[in-house]
Amino acid sequence: MTELMLKYFRDKQQKAQSEKIYDTQCPYCSMQCKMQLIEQRVISRKKHKTIGKDNPTSEGRLCVKGMNAHQHALHHDRIKQPLRKINGEFKPVSWEEAYQLITERFQEIQKTDGKDALSVYGSASITNEEAYLLGKFARVGLQTKHIDYNGRLCMASAATGANLTFGMDRGFTNTLAEIPHTRCIILAGTNIAECQPTIMPYFEKAKENGAYIIAIDPRETSTTNLADLHLKNKPGTDVALASGILKILIDLNLIDHEFIQKRTEHFEDVKKYIQSLNLDTIATDTGISLDDLYQTALVFGRESSGMIFTARGVEQQINGTDTVRSFLNLLLVTGKIGKKYSGYGAITGQGNGQGAREHGQKADQLPGYRSIEKEEDRKYIAKVWGIEEQSLPRKGVSAYEMFEKIIDGEITSMFVMCSNPIVSNPNANLIQKALKKLKFLVVVDLFLSETAKLADLVLPTTSYLEDEGTLTNVEGRVMLREASYPIQGEAKHDWEILCDIAQSLGKGAFFNFTNAEEIFEELRIASKGGKADYSGITYERIRKQQGILWPCTESNQAGTERLFESTFAHENGKAKMAVIPIADTKKPSINNEYPLYLTTGRVMSHYLTGEQTRKSPSLAARNFEAFLEIHPDTAELYGIKPDTLVRVTSKKGWIIVRSKWSTSIRKDTVFVPFHWTEKQNVNQLVADTLDPYCQMPGFKMSVVRISPIN
Ligand code: SF4
């Protein structure tokens, strides 16, 4: 063989075994772990592997979801071109045809039913730029007041609780880096070991350093196993539990008088109410012994520093806002906030749960956490957007309430972006009925989700590997997700789709963007002076600093690591304590017909409605179906054998899931994870009562009956 031929074959072999590395960020939870997709080409086959990449938050760690995220992004079921439903069947159409159809149908509906008949349903998994643009699209492009998003079902009560108490909502008041140094930690209703696994080492280090950890959860989980004390309370009794701890703190004078006097309001009202409570009654109602209540208060009150973390377990309740506020009262009376190693953390669930709630996707909100009802906020944003303030719609209604308005006939069309409301909302049967009633439903998604299947038009979007943009992680750190993977088929970025539709509707002048960074530049201006101020953040700075914690008001300011060190965000600078009456909540209680509490949650291998993770063979293999976690004593009482099918019934509907015996759950409570659909969709059992402050449904507490399926 000649030298030339040898070189030819060497080059060919090298080419056949080439490797490409793509920088990206996990699309799932709020840790937003940085990672790299390695694509190896061996002869004609492509092989993929995801590895972690160092950064200040996840420090290079990945959990099983992140390691397998590429499996859904590269899945052959991805929608690759627009699909229009004709005679009940989806047929591929061009983007031009799709845009023309949207324009015709939207304009027709605006004419016959009014502008507010159009509605927009967003997501907390999209980038900040897309969340910002979606809010603008609804108000400027469609001129409707009806926009809300799936974060309403997730973090709304933590956000509202923090806003009412501190005057501002950034999920973490401190950075993750402070956790290992705090002396006492209360984990209220959070299963971080399953939901945000890469956060765990911060808590493990705290424990190694001598911190005392208290976990509040009706179930034993991998997270409660880390705790020194597990308060296994009855579902829905968190306000009573926090009030009991507060009473002991006050009775034993384990409170910071100077902090209370200088930095807070309404302590005397709270004290008066709390002193009227009876600890024995609280112990009976919560199922927590007096000893454990005292132990919690004594450690938290006496230690020099402490942190409280809440998550969906206490937040997804019909009194979620009150529950969060009752825990924040504990921080305020002990002065454990606004200080080194002391503070609050709402452990956000969705990838961009923080950023997506700041820039205008919520029914009552404008970018930068501005209010759509406040005149000066309206004027400011109208000026940024180049519109008349009078043309800016007022506030609409929350996510679930939009579906009620469809049933009432007030909303007749919906534009859903990257969300699967039919699975994630309570009372799922009503959601299905509502979506079927719409005159025109457009869904933007990666897959033909359960919601997309009901659409008239489905538009293919890009995945996390292909779509660049910023996301704000659990700490409030604005991170840039790089994305350079080739786009699949004819899919377009969410922001591109919005700009194109706006153009087709004659509003293109307001949506003149050619990349995500240009949208971020407008978002910076729109957020300037707002509570969530991003004006000092640029893509270049994020790249250099590996993320910047908001508020960041100047281009030479490093960002804000710790909030409330000298002042809270209310006008008078003080935090507002709140009287939270225990008896106020009309929660469902068990009775002869429905004798068990039902609580819902996640498993490690799945994310939200499972639309993406169920597509990943490695993740689906770990949990391929929903299950009913039940105490063996309870199971025997109802004749339910292990690993057998069980019918679970509430007032709203019924599901069938397989039993899983476990002594780690209370005997009066059963648990079902929420990542499955149809007859395994546990949200069909959840009632439609909403938290009065933030309209959060009560996912964490329903009452049910169970029976074996023979
Ligand atoms: Fe990290 Fe969360 Fe993704 Fe796991 S799911 S890799 S913890 S971002």
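## Report on a predicted model

Tyr341 sits in the loop between α15 (320-334) and β13 (343-346). The model that contains this loop is a predicted one. Tyr341 is a convenient starting point, since its backbone carries a positive value of phi, near 65°, in a residue other than glycine. Most residues other than glycine have a negative phi, and most peptide bonds are trans. The side of Tyr341 open to the outside is limited: its relative accessible area is 25%, and Tyr341 is therefore partly exposed, as it falls between the 20% limit for buried and the 50% limit for exposed.

**Backbone exceptions**

His266 is another residue other than glycine with a positive phi, near 75°. It is found in the loop between β11 (264-265) and α11 (267-275). The two residues are set side by side below.

| Residue | Phi | Loop | Relative accessible area |
|---|---|---|---|
| His266 | near 75° | between β11 (264-265) and α11 (267-275) | 39%, partly exposed |
| Tyr341 | near 65° | between α15 (320-334) and β13 (343-346) | 25%, partly exposed |

A further exception concerns a peptide bond. Between Trp550 and Pro551 the bond is cis, and its omega is near -5°. Pro551 belongs to the loop between β21 (548-549) and β22 (575-576).

**The protein as a whole**

The protein has 24 helices and 28 strands. Its radius of gyration is 25 Å, close to the 27 Å that the globule rule gives for 710 residues, so the protein is as compact as a globular protein of that length. The C-alpha trace spans about 85 × 70 × 65 Å along the principal axes. Of the 710 residues, 63% count as buried. Contacts between residues at least 6 apart in sequence were also sorted by separation, and 74% of them join residues at least 24 apart.

**An open sheet of 7 strands**

One sheet is open and holds 7 strands in the order β5-β4-β18-β17-β16-β6-β7, with mixed pairing. The edges are formed by β5 (89-92) and β7 (147-149); each has a single partner strand, so one side of each is left without a neighbour in the sheet. On average, neighbouring strands of this sheet are turned by 20° against each other, direction ignored. At one edge, β4 (residues 83-86) and β5 run antiparallel and are joined by 4 bridges. Within this pair, Leu83 stands opposite Pro92 in β5.

Three strands of this sheet also meet a helix. The buried residues of α20 (residues 494-504) pack against β16 (413-417), β17 (440-445) and β18 (457-460), as well as against the helices α4 (95-113), α5 (128-142) and α21 (516-527). Which residues of α20 are buried? They are Asp494, Trp495, Ile497, Leu498, Cys499, Ile501 and Ala502. Just after α20, Gly506 takes a positive phi of about 85°.

**Strand β9 and its partners**

Strand β9 (residues 212-216) is mostly covered, with 5 of its 5 residues buried. In a regular strand the side chains alternate between the two faces of the sheet. On one side of β9 are Tyr212, Ile214 and Ile216, on the other Ile213 and Ala215, and all are buried, which leaves both faces covered.

Two strands are joined to β9. Strand β8 (residues 184-188) runs parallel to β9 and is joined to it by 5 bridges; Ala188 has Ile216 of β9 as its bridge partner. Strand β10 (residues 229-231) also runs parallel to β9, with 3 bridges between them. There, Ala215 stands opposite His230 in β10.

**Ser157 in helix α6**

Ser157 is part of helix α6 (residues 156-166). Is Ser157 buried or exposed? Its relative accessibility is 0%, so Ser157 counts as buried, the limit being under 20%. Neighbours within four places in sequence left aside, Ser157 is in contact with Glu315, Gly320, Thr321, Val324, Asp691, Cys694 and Met696.

**Around the ligand**

Which residues are around the ligand? They are Cys26, Tyr28, Cys29, Met31, Gln32, Cys33, Leu62, Cys63, Lys65, Gly66, Pro197 and Thr198. By class, this shell has 8 nonpolar, 3 polar and 1 charged residues.

Technical notes. Residues numbered from 1 in each chain as written. Predicted model: local features only at pLDDT ≥ 70, side-chain atom pairs only at ≥ 80, totals over all residues. Heavy atoms only, no water. Near = heavy atom within 4 Å. Nonpolar A, V, L, I, M, F, W, Y, C, P; charged D, E, K, R; others polar. Pairing = 2+ DSSP bridges. Axes fitted to C-alpha atoms, helices over the stretch in contact; angles between N-to-C directions. Buried < 20%, exposed > 50% of the residue type's maximum accessible area, 1.4 Å probe, protein only. Rg over C-alpha atoms; globule rule 2.2 N^0.38 Å. Contact = heavy atoms within 4.5 Å.
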